[in-house]
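Student: Could you take me through one part of this structure up close? I'd like to see what packs against what on the inside.

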Amino acid sequence: MKLVPLLKPFLVLLITFGFTIFFVRLIEPTNSSPPKNSEAMARSFILWLHGLGDSGPANEPIKGLFTSPQFKNTKWSFPSAPSKPVTCNYGSVMPSWFDIHELPVSDNSPKDESDLLKAVKNVHAMIDKEIEAGTNPNNIFVCGFSQGGALTLASVLLYPKTLGGGAVFSGWVPFNSSILEQQTPEAKKTPILWSHGMADKTVLFEAGQAGPPFLERAGMTCEFKAYPRLAHSINNEELKNLESWIKTRLQSNS
């Protein structure tokens, strides 16, 4: 069903902001006992990239679920995308990492690699700054939802060093296979976690399913998890799985 042009942008924003409100109500702060031997835990860094029309601070409650002692020395970063016109929303200006030409996003949606690569460059600068501050690249994890998930994928694939991992939630492959010519052998070693709701009508499930085969052709490993009845959002189950996934990959000081 087609939406009235003036209503469609508003609806997209409602979907995105609804996701944020869902988290504010869903995640309650918890008190955890101080971890033992925290000195042995190396510094780690988790970079979270939000979806279209959202903001970094609105997603900060996510870190409240990561209560394991292994995250005692974790630095979190929730940057906000710049505001710019978005084609799929009839040119409306909103926070957006790169341009999106159509919604819903499918496996065959148009790709704007030029705008995407500008965003990738900015993400790489954030990672470089953290490495310069003393964080081991193997303890750096880039995660993102929807548009942020697509940017996560591109940023991890094109970063010259091996990172701890990249986690894509309800994302898609935002570039053509030719872009892999820029990939280094070290980047191929970065593992990917991909989670997608099977009831997603904004970024279609087929767009998510196209990710693992694409990564396999690129020589990378990808763990794909499908969530029945989950629409364009993230639930606690996905985030607890992310916590466990990162824990198994954290490097200690020793």
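Tutor: Let's start at F175. Setting aside neighbours within four places in sequence, F175 is in contact with K111, E113, L116, L153, A154, L157 and F214. Keep in mind that this is a predicted model. F175 also stands out in the largest nonpolar core, a group of 44 residues: F175 and L151 are the ones with the most contacts inside it. Several elements feed that core, each with at least two residues: strand 1 (44-49), helix 2 (113-132), strand 5 (140-145), helix 3 (147-158), strand 7 (192-197) and helix 5 (211-217). Helix 3 gives the most, with seven residues. There's also a second, separate core of 20 residues, and I46, F66, F169 and I246 are among its members.

Now for how two of those contributors pack. As a rule, a pair of packed helices is described by the angle between their axes and the distance between the axes. For helix 2 and helix 3, the axes come within 9 Å and cross at roughly 65 degrees. Angles of 65 to 115 degrees count as roughly perpendicular, so helix 2 is roughly perpendicular to helix 3. The crossing of these two helices is right-handed. On the helix 2 side, the contact is made by L116, L117, A119, V120, V123 and H124, and on the helix 3 side by L151, A154, S155 and L158. Sort the residues of that contact by type and you get eight nonpolar, two polar and no charged. Two names here take us back to the start: L116 and A154, from this helix contact, are also on the contact list of F175.

Next, hop over to helix 6 (residues 236-247), which is where E243 sits. Is E243 buried or exposed? Buried means under 20% relative accessible area, and E243 has 4%, so this glutamate is buried. Again leaving out neighbours within four places in sequence, E243 is in contact with L65, F66, T67, S68 and F71. F66 is a name you've met already, as a member of the second core.

W245 is in helix 6 as well. Its relative accessibility is 5%, so W245 counts as buried too. With the same neighbours left out, W245 is in contact with F141, G165, G166, P191, I192, L193 and E223. W245 and A167 are 78 residues apart along the chain, yet their C-alpha atoms are separated by 9.4 Å.

Key: Residues numbered from 1 in each chain as written. Predicted model: local features only at pLDDT ≥ 70, side-chain atom pairs only at ≥ 80, totals over all residues. Heavy atoms only, no water. Core = buried A, V, L, I, M, F, W, Y, C linked by side-chain atoms within 4.5 Å. Buried < 20%, exposed > 50% of the residue type's maximum accessible area, 1.4 Å probe, protein only. Helix = DSSP H or I, 4+ residues; strand = E, 2+ residues; numbered from the N terminus. Contact = heavy atoms within 4.5 Å. Axes fitted to C-alpha atoms, helices over the stretch in contact; angles between N-to-C directions. Parallel < 35°, antiparallel > 145°, perpendicular 65-115°, else oblique. Left-handed = near helix turned anticlockwise from the far one by under 90°. Nonpolar A, V, L, I, M, F, W, Y, C, P; charged D, E, K, R; others polar.
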